[in-house]
Amino acid sequence: MKSNKLGLIISTVIMLLVILAVCVLSVNFSKSIKKGEQVMALASQGELRNTIEIPLSEAKDISIVYSSDNLKIYPIEGNKVIIKEYLSSKRGEDALASVVVNDGKASITGGNRMHFSMFLWISVNEWIEVYLPGEGIQNLEVQASSGNITA
């Protein structure tokens, strides 16, 4: 009978410690999200793997389509669109975006890769930076089917 009581007390203490740990991690997670910080990553920080430059003299219509990538859009001085892909070094060449320029329109399509995310805070830390000039683009389409777009 005493061993059952002792086991129950130990189990209760362990459960309370687990609940306390979850509460502390949840509060820290929400604070980090509000600050815009990356909380956890299962892979190393993404590194610059691909840079695409499209002069506006070649294309004034720009279409940028990615699947589940986070896109960060920044203004830039000059007369070209620049796209930088920060990806895991473990990704192959097929993960890089493809570019087609035809009749004044540039179509940039994200590469073939699966985005990994678990529990909203554990993910592969990859992103795409898009630098757009303030003038010269006639039509712009930016699409991310399940990623975030921030500007």
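Leu71 stands opposite Ile149 in strand 12 of this predicted model. The pairing behind that match joins strand 4 (residues 71-76) to strand 12, in the parallel sense, over two bridges.

**The five-stranded sheet**

Strands 4 and 12 belong to an open sheet of five strands. The order across this sheet is 2-5-10-4-12, and the pairing is mixed. Which strands stand at the edges? They are strand 2 (47-55) and strand 12 (149-150). Each has a single partner strand, so one side of each is left without a neighbour in the sheet.

**The four-stranded sheet**

A second open sheet has four strands. Its order is 6-7-3-11, again with mixed pairing. The edge strands here are strand 6 (98-102) and strand 11 (139-144), and each pairs on one side only. From one strand to the next, the twist averages 10 degrees.

Strand 7 has two pairings to look at. With strand 3 (residues 61-66), strand 7 (residues 105-109) pairs in the parallel sense over five bridges. Asp61 stands opposite Lys105 in that pairing. With strand 6, strand 7 pairs in the antiparallel sense, also over five bridges. There, Asn102 is the residue opposite Lys105.

In regular strands generally, side chains alternate between the two faces of the sheet.

**The turn at Asp103**

Strand 6 and strand 7 form a hairpin with two residues between the strands. Asp103 lies in that loop. Its phi is positive, at about 50 degrees, although Asp103 is not a glycine. Is Asp103 buried or exposed? At 78% relative accessibility, Asp103 counts as exposed.

**Two salt bridges**

How many salt bridges does the structure hold? There are two. In one, the side chains of Glu53 and Lys80 meet at 2.9 Å, N to O. Glu53 lies in strand 2 and Lys80 in strand 5 (residues 80-87), so this pair ties together parts that are 27 residues apart in sequence. Neither end is buried: Glu53 is partly exposed at 46% relative accessibility, and Lys80 is partly exposed at 32%.

The other salt bridge joins the side chains of Glu126 and Arg91, again at 2.9 Å, N to O. This pair links distant parts of the chain, 35 residues apart. Glu126 sits in the loop between strand 9 (122-123) and strand 10 (127-133). Arg91 sits in the loop between strand 5 and strand 6. Glu126 is buried, with a relative accessible area of 4%.

**A buried aspartate**

Asp69 is placed in the loop between strand 3 and strand 4. Why does Asp69 count as buried? Its relative accessible area is 5%, and the cut-off for buried is under 20%. Which residues does Asp69 touch, leaving aside its neighbours within four places in sequence? Its contacts are Arg113, Ile128, Ala144, Gly147 and Asn148.

The accessibility of the acidic and basic residues discussed above is collected here.

| Residue | Relative accessible area | Class |
|---|---|---|
| Glu126 | 4% | buried |
| Asp69 | 5% | buried |
| Lys80 | 32% | partly exposed |
| Glu53 | 46% | partly exposed |
| Asp103 | 78% | exposed |

**The helix and its nonpolar patch**

Leu6 is placed in helix 1 (residues 2-35). Together with Ile10, Ile14, Val18 and Val22, Leu6 forms a nonpolar patch on the surface. The accessible area of these residues together is about 440 Å².

**The chain as a whole**

The secondary structure comes to one helix and twelve strands. Along the sequence, the pattern is α-β-β-β-β-β-β-β-β-β-β-β-β. Of the 151 residues, 29% count as buried. The accessible surface of the chain comes to about 10,000 Å², and 58% of that belongs to carbon and sulfur atoms.

How far along the sequence do contacts reach? Among contacts between residues at least 6 apart in sequence, 81% join residues at least 24 apart. The two salt bridges are examples of links along the chain, with Glu53 and Lys80 27 residues apart and Glu126 and Arg91 35 residues apart.

Note on methods:
Residues are numbered from 1 along each chain as its sequence is written. This is a predicted model: local features need pLDDT of at least 70, side-chain atom pairs count only at pLDDT 80 or more; totals for chains, interfaces and linings use all residues. Side-chain values use heavy atoms; hydrogens and water are left out. Two strands pair if DSSP finds at least two bridges between them. Axes are lines fitted to C-alpha atoms, for helices over the stretch in contact, and angles run from 0 to 180 degrees between N-to-C directions. Patches are made of residues with over 30% relative accessible area and no salt bridge: like charges are joined within 9 Å, nonpolar side chains (Val, Leu, Ile, Met, Phe, Trp, Tyr) within 5 Å. Accessible areas come from the Shrake-Rupley method with a 1.4 Å probe; for residues, only the protein chains shown count as cover. A salt bridge is a side-chain nitrogen of Lys or Arg within 4 Å of a carboxyl oxygen of Asp or Glu. Buried means under 20% relative accessible area, exposed over 50%, partly exposed in between (1.4 Å probe, protein chains only). Contact means heavy atoms within 4.5 Å.
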